[in-house]
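Colleague: I would like a close look at a single part of this model, explained slowly enough for a first-year student to follow along. Please take one element and then connect it to its surroundings.

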Amino acid sequence: MSRIGKLPIIIPANVDINWSGSEITVKGKFGTLQTHIPETIGIQQDNSVLRVSLKSEARNLRSLHGLYRTLINNMVIGVSEQFQVTLILKGVGYRAAVQGSDIVLNLGYSHPVKISIPESISVEVVQNTTINLKSCDKELLGLFASNIRAWRRPEPYKGKGILYKDEQILRKAGKAGK
């Protein structure tokens with residue numbers, strides 16, 4: 001049995017969980033999330049504690065135990081507290097702005113980069129170089145942050161690029177002068 005899968009999920013007071021068959025829906029203050037779970041995963045709820053269990057002990061199903069417990073826990077945390085990712089633009093002339101439903105990035109290219117913002121993600125730009133992303137869906141938030149970061153990955157010589165908050169870039173020495 002999975003060590004992570006055995007852990008209980010504590011449900012806050014403002015979160016409502018419904019499941020029927022293979023669909024689970026979590027509603028909270030910041031939104032509603034829904035996912036599909038396999039028939040082999042069982043769910044039991046006692047007051048404000050949710051437990052995820054396996055209906056059979058097949059080896060290939062045991063690996064799903066911890067995965068679906070973590071997915072459901074992330075849904076509960078997301079609708080009650082929200083997830084946040086902070087990106088920092090590091091480089092001369094690098095800046096960001098939100099225009100309508102797009103984020104516009106100036107990253108040293110000959111053109112500004114426009115990326116459309118998904119509906120469930122809120123974007124806030126602080127001082128033109130810090131981007132705060134918030135969402136209740138952790139998977140979608142991470143994917144959107146990595147799509148923004150893919151436009152200018154941090155490079156090891158000067159450290160320029162789009163960095164996650166508190167990310168350390170291993171710097172290289174560069175060419176040795178005479």
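Which residues of α3 are buried?

Modeller: Before answering, I should say that this is a predicted model, and everything that follows is read from its computed atoms or, where I say so, taken from a record. The buried residues of α3 are Leu141, Phe144, Ala145, Ile148 and Arg149. Looking down the axis of α3, one finds these buried residues within an arc of 140 degrees, so they line one face of the helix. The helix itself covers residues 138-149, which makes 12 residues, and from its first C-alpha to its last it reaches 16 Å, close to the 16 Å expected at 1.5 Å a residue. At the start of α3, a side-chain oxygen of Asp137 comes to within 3.3 Å of the backbone nitrogen of Glu139.

What do the buried residues of the helix pack against? Their partners are strands, namely β7 (83-90), β9 (102-106), β10 (113-116), β11 (122-126), β12 (130-135) and β13 (161-164).

To place the helix in the chain, it helps to turn to the record: in an unreviewed entry, UniProt puts the feature "domain: Large ribosomal subunit protein uL6 alpha-beta" at residues 11-81 and 91-164. In the span 91-164, the end C-alpha atoms lie 14 Å apart, with 16% of the span in helix and 39% in strand. For residues 11-81, the end C-alpha atoms are 12 Å apart, and the span is 31% helix and 41% strand.

Some strand pairs from the earlier part of the chain can be followed in the same careful way. Strand β3 (residues 23-28) runs antiparallel to strand β4 (residues 31-36), to which six bridges join it; within this pair Ile24 stands opposite Thr35 of β4, and a hairpin of two residues links β3 to β4. Strand β5 (residues 41-46) is likewise joined to β6 by six bridges in an antiparallel arrangement, and here Ile41 has Leu54 in β6 as its bridge partner. The hairpin formed by β5 and β6 has two residues between the strands, and Asn47, which sits in the turn, has a positive phi of about 55 degrees. Strand β6 (residues 49-54) also pairs with strand β1 (residues 9-10), in the antiparallel sense and over two bridges, with Ile10 standing opposite Val49 in β6.

Terms used:
Residues are numbered from 1 along each chain as its sequence is written. This is a predicted model: local features need pLDDT of at least 70, side-chain atom pairs count only at pLDDT 80 or more; totals for chains, interfaces and linings use all residues. Side-chain values use heavy atoms; hydrogens and water are left out. Helices (H or I, at least four residues) and strands (E, at least two) are DSSP runs, numbered from the N terminus. The expected span of a helix is 1.5 Å times one less than its number of residues. Buried means under 20% relative accessible area, exposed over 50%, partly exposed in between (1.4 Å probe, protein chains only). The arc is that of the directions from the helix axis to the C-beta atoms. Contact means heavy atoms within 4.5 Å. A polar contact is a pair of N or O atoms within 3.5 Å; within protein, one must be able to donate a hydrogen and the other to accept it, and residues adjacent in sequence count only if both atoms are side-chain atoms. UniProt positions are given in the numbering used here, feature names are shortened, and annotations may be inferred rather than shown by experiment. Two strands pair if DSSP finds at least two bridges between them.
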